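Trainee: I should like to learn how to read enclosed spaces and charged pairs in a protein model. May we begin with the spaces?

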Amino acid sequence: MDLRSRLKTETEEVHRRLEARLPLLSDSLSTTTYVSLLTRFFGLYLPLERAIALHPAAALPQLDFPRRRKADLIRKDLAFFGFIGDDIAGLPLAAGLPHVERVEDVFGCLYVTEGATLGGALIGRHLQERFGFTAESGAAFFHAYGERRGAMWKAWREALAALPPETDGDRLVAAARATFVAFEQHLCGGFMSSFPSVE
């Protein structure tokens with residue numbers, strides 16, 4: 001089984017659990033809950049992207065990591081909702097993110113964030129229909145890559161497929177699973193724990 005197939009199969013349970021607990025596509029989603037989720041996404045993406053940026057794999061031209069960073073898009077959305085510099089700087093950062101020490105860790109983490117970006121198209125449409133939020137007004141994060149979304153996902157798949165045969169698939173999958181778990185804990189903890197499943 002190739003790496004992408006393993007990632008899909010071996011993270012499916014934790015992936016579905018996270019999706020079921022997030023209310024982003026719920027008709028009950030409020031602006032308050034949405035903004036609260038944005039602050040939590042920021043607390044995930046900022047430290048994760050900083051850690052990946054320090055790894056040599058981030059410089060791989062086929063990965064094009066600088067264009068995949070999204071913390072600044074979330075920062076833009078928060079600014080739309082009135083957050084200023086000190087507000088954003090004081091947001092809590094996620095604990096329990098994988099240690100990014102090897103190339104497998106980089107690709108495992110990015111499997112989660114790139115997959116989330118691909119799925120963000122549906123969320124972006126829902127946010128626009130429900131609240132009028134767009135890429136320029138409160139939902140830049142969920143419109144990441146714009147019309148290049150498909151091309152960026154294809155390039156990501158190709159970068160994953162180009163990893164050498166000696167790549168440790170077990171470690172890569174473990175990093176992806178750990179990233180999903182950290183996302184669930186940070187996004188769904190506290191007030192989110194009582195939000196009804198959207199399955």
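Mentor: Let us begin with one enclosed space in this predicted model. The second largest cavity has a lining made of Glu114, Thr117, Leu118, Tyr145, Arg149, Met152 and Trp153.

Trainee: How is such a space found in general?

Mentor: Rolling a probe the size of a water molecule over the atoms shows where empty space is left. In this structure, the search yields 2 cavities of 30 Å³ or more. The second largest cavity holds about 30 Å³ of space.

Trainee: Which helices each supply at least two residues of the lining of the second largest cavity?

Mentor: Those helices are α6 and α7, the latter covering residues 149–161. By character, the lining of this second largest cavity comprises 4 nonpolar, 1 polar and 2 charged residues.

Trainee: What lines the largest cavity?

Mentor: Its lining consists of Tyr45, Leu48, Glu49, Ile52, Phe65, Arg68, Lys70, Leu110, Thr113 and Glu114. The space within the largest cavity is about 50 Å³. Helix α3 gives the largest share of that lining, 4 residues, and the lining as a whole divides into 5 nonpolar, 1 polar and 4 charged residues.

Trainee: Glu114 appears in the lining of the largest cavity and in that of the second largest. With which residue does Glu114 form a salt bridge?

Mentor: The partner of Glu114 is Arg68, and their closest N and O atoms are 2.7 Å apart. Glu114 belongs to helix α6 (residues 103–131), whereas Arg68 sits in the loop between α3 (31–53) and α4 (71–80), so this pair ties together parts that are 46 residues apart in sequence.

Trainee: Are these two residues buried or exposed?

Mentor: To judge this, one compares the relative accessible area with a cut-off: buried means under 20%. Glu114 has a value of 1% and is therefore buried. Arg68, at 2%, is likewise buried.

Trainee: How many salt bridges does the whole structure contain?

Mentor: The search finds 15 salt bridges. Among them is the pair of Asp105 and Arg171, whose closest N and O atoms are 2.9 Å apart. Asp105 lies in helix α6 and Arg171 in helix α8 (residues 169–188), so the pair ties together parts that are 66 residues apart in sequence. Asp105 is buried at 4% relative accessibility, while Arg171 is partly exposed at 26%.

Trainee: Which residues are linked in a network of salt bridges?

Mentor: Arg6, Glu10 and Asp170 are linked in this way.

Conventions
Residues are numbered from 1 along each chain as its sequence is written. This is a predicted model: local features need pLDDT of at least 70, side-chain atom pairs count only at pLDDT 80 or more; totals for chains, interfaces and linings use all residues. Side-chain values use heavy atoms; hydrogens and water are left out. A salt bridge is a side-chain nitrogen of Lys or Arg within 4 Å of a carboxyl oxygen of Asp or Glu. Buried means under 20% relative accessible area, exposed over 50%, partly exposed in between (1.4 Å probe, protein chains only). On a 1 Å grid over the protein atoms alone, a cavity is a set of points where a 1.4 Å probe fits but cannot get out, and a pocket is an open set with protein on both sides within 12 Å along at least five of seven lines; lining residues have an atom within 4 Å of a point. Grid points are joined across faces, edges and corners, and a volume is the space filled by probe spheres set on the points. Ala, Val, Leu, Ile, Met, Phe, Trp, Tyr, Cys and Pro count as nonpolar, Asp, Glu, Lys and Arg as charged, and the others, Gly among them, as polar.
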